[in-house]
Amino acid sequence: LSSRASGILSALNISLDKDIEGVYDGEWKGSGDIIESSCPATGEVLARVKTASPAEVLEALAKTREAYLHFRNVPAPRRGEVLRQIREGLASKREELGALVTLEMGKIRTEGVGEVQEFIDICDYALGLSRMMNGRVIASERPGHSILEVPNPLGVVGVLSAFNFPVAVYGWNLALSLTAGNATIWKPSPTTPLTSIAITSIIAQVLKNNNLPGAIAGLVTGGQQVGEAVVRSTDVELISFTGSERVGRIVGQTVVSRFGKSILELGGNNASIVMPDADLSLAVPGVFFGAVGTAGQRCTSTRRLFLHRQIASDFLERLQKLYGSLKPGDPLEHNTLLGPMHTREAVNLYANTVSHLRSIDADILSGGEIYSLPSPFDGGNFVRPTIAIPKSVNMKDRIWSTETFAPILNVAVFEDLEEAIGWNNAVPQGLSSSLWTRDMRNLGKWIGPSGSDAGIVNVNAGTSGAEIGASFGGNKSTGWGREAGGDSWSQYVRWSACTINFSNEAPLAQGVNFNN
Ligand code: UN1
């Protein structure tokens with residue numbers, strides 16, 4: 001193993017003397033299939049991980065339920081204190097965890113560290129929340145009566161997360177779930193097991209220090225079967241799933257068929273619209289980061305760019321210059337902006353979409369090729385970020401309506417804002433969107449009833465890189481889920497409406513008279 005990889009792993013106490021145990025339910029174990037974790041930049045195998053056997057998943061689910069029965073009675077501010085300690089544990093290893101994300105997922109260092117920061121931020125948020133998860137008192141129509149809406153812990157939350165944000169998305173869910181008094185079982189992406197093991201180890205240590213059961217934050221690594229077992233289990237009240245629309249449809253249907261709750265974060269197909277009055281010195285780099293950041297592998301990545309005719313050629317010239325300055329390289333190096341794609345399959349997806357663009361005679365302004373780099377990056381998954389102008393602007397066409405999880409930006413030129421908003425809204429997905437303008441009339445239209453139908457509607461800020469304070473999620477085929485801030489927390493609790501009669505009478509509501 002290369003020295004850079006072993007240095008990062010040993011800083012996180014991950015020993016590679018033998019296969020690593022990928023299951024935690026209070027104890028570390030793993031006797032299921034072995035999966036290999038590999039480095040997207042070099043192709044080297046980082047570690048072999050022992051995943052959960054079917055019996056171990058069931059055992060972990062049972063332990064998680066048991067842990068919930070205990071944890072739900074711990075007062076919420078005490079739970080907040082546990083989160084504060086988790087926050088401290090993560091912060092003390094922020095750089096190392098960020099580097100591990102880079103090593104295993106492939107995103108560049110600043111983005112790897114950024115996602116650990118996102119977990120830290122949501123812990124802060126959840127700590128505050130632990131003293132503010134308030135219910136309500138409602139005026140009753142009957143004398144001597146009160147109605148309360150009471151939030152109580154919900155149960156077990158199953159988190160199925162994706163490869164592209166192996167830390168932050170689990171963080172959003174864990175922090176709210178724990179504050180709410182639930183136990184959480186995590187099924188991470190099979191391609192980022194080391195990151196999930198490192199994160200779980202830090203949390204497990206905090207739980208231990210507080211004499212709490214480890215299964216409050218359980219981990220089951222593995223493939224499809226492990227995920228299915230969690231999704232099907234009637235012992236899991238809420239499933240939070242991030243991933244493809246195809247799998248999300250199955251997960252959603254499975255959970256609803258057993259009357260469970262689900263939060264779905266599925267595909268994005270996000271557009272940026274640039275008006276003629278936009279400040280291009282902000283818009284050009286904003287679109288550049290949105291389209292190329294994380295090598296185009298965020299749910300929130302900018303995939304569609306709509307330029308007003310007046311500024312289109314100027315904008316594209318500037319954008320192409322930025323694309324031209326990009327150099328692929330070691331994502332661990334601090335000045336690299338372009339890391340590898342996560343897997344070979346992702347490279348194939350990129351290549352297929354590029355050849356589709358060629359087959360429909362799209363104008364390819366930048367990119368379109370797979371890089372071949374010198375050793376040790378010859379085994380890496382590097383592709384050239386691509387800008388293309390398809391001939392058609394029919395958003396029903398496959399090139400516009402499908403999300404390709406790769407750095408490919410499709411461009412169209414529009415005449416007026418209504419047309420661009422129409423295109424923005426004409427695809428099945430509805431995660432993020434952004435408008436670049438200095439005219440507040442455009443802004444008002446954009447965020448209003450005839451504006452963007454996405455869950456995230458930005459102005460002079462790109463489609464990606466949301467903070468945790470607002471709720472995060474998308475509409476339509478993105479799944480309508482909301483995570484992180486806002487009132488997302490209210491999904492992680494069981495709400496009761498409690499009518500309390502403190503009078504000496506027992507009147508019925510609506511004036512119903514049931515006396516004879
Ligand atoms: C994702 O791509 O799954 O808004 C999450 C963003 C990040 C989260 C992305 N804060 O781009």
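Which residue in β5 does I34 stand opposite? The partner is K50. Keep in mind that what you have on screen is a predicted model.

## The three-stranded sheet

I34 and K50 take us straight into a small piece of the fold's strand layout. Strand β4 is joined to β5, residues 45-50, by 5 bridges, and the two run antiparallel. Step back and you'll find both in an open sheet of 3 strands, ordered β1-β5-β4, where the pairing is mixed. The edges belong to β1 (20-21) and β4 (34-38), each of which pairs on one side only.

As a general reminder, strands in a sheet pair through hydrogen bonds of the backbone, in either a parallel or an antiparallel way.

## A hairpin further along

Next up are β6 and β7. β6 covers residues 136-139 and β7 covers residues 145-153; they pair in the antiparallel sense, with 4 bridges between them. One pair to look for on screen is A139 with its bridge partner in β7, S146.

Together, β6 and β7 make a hairpin with 5 residues between them. Have a look at G144 in the turn: its phi is positive, at about 65 degrees.

## The annotated residue, E265

The unreviewed UniProt entry puts its "active site" annotation on E265. In the model, E265 lies in strand β12, which spans residues 261-265.

Is E265 buried or exposed? It counts as buried, because 27 C-beta neighbours fall inside 10 Å, and 20 are enough for that label. Setting aside residues up to four places away in sequence, E265 touches T242, C299, G473, T478, G479, G481 and E483.

## Around the ligand

Two of those contacts of E265, T242 and C299, turn up again among the residues around the ligand. The rest of that shell is E118, N164, F165, A168, V169, R298, T300, S464, G465 and A466.

What kinds of residue make up the shell? The split is 5 nonpolar, 5 polar and 2 charged.

## The nonpolar core

The largest nonpolar core has 149 residues, and within it A126 and A175 touch the most other members. Helix α5, residues 109-129, is the top contributor to this core, giving 10 residues.

If you centre the view on A175 and ignore its neighbours within four places in sequence, you'll see it in contact with L83, I122, C123, Y125 and A126. In general, nonpolar side chains of soluble globular proteins tend to be buried together.

Methods. Residues are numbered from 1 along each chain as its sequence is written. This is a predicted model: local features need pLDDT of at least 70, side-chain atom pairs count only at pLDDT 80 or more; totals for chains, interfaces and linings use all residues. UniProt positions are given in the numbering used here, feature names are shortened, and annotations may be inferred rather than shown by experiment. A residue is buried if 20 or more other C-beta atoms lie within 10 Å of its own, exposed if 12 or fewer, and partly exposed in between; C-beta atoms are placed from the backbone. Two residues are in contact if their C-beta atoms, placed from the backbone, lie within 7 Å. A residue is near a molecule or strand if its C-beta atom, placed from the backbone, lies within 6 Å of it. Ala, Val, Leu, Ile, Met, Phe, Trp, Tyr, Cys and Pro count as nonpolar, Asp, Glu, Lys and Arg as charged, and the others, Gly among them, as polar. Two strands pair if DSSP finds at least two bridges between them. A nonpolar core is a set of buried Ala, Val, Leu, Ile, Met, Phe, Trp, Tyr and Cys residues joined through C-beta atoms within 7 Å.
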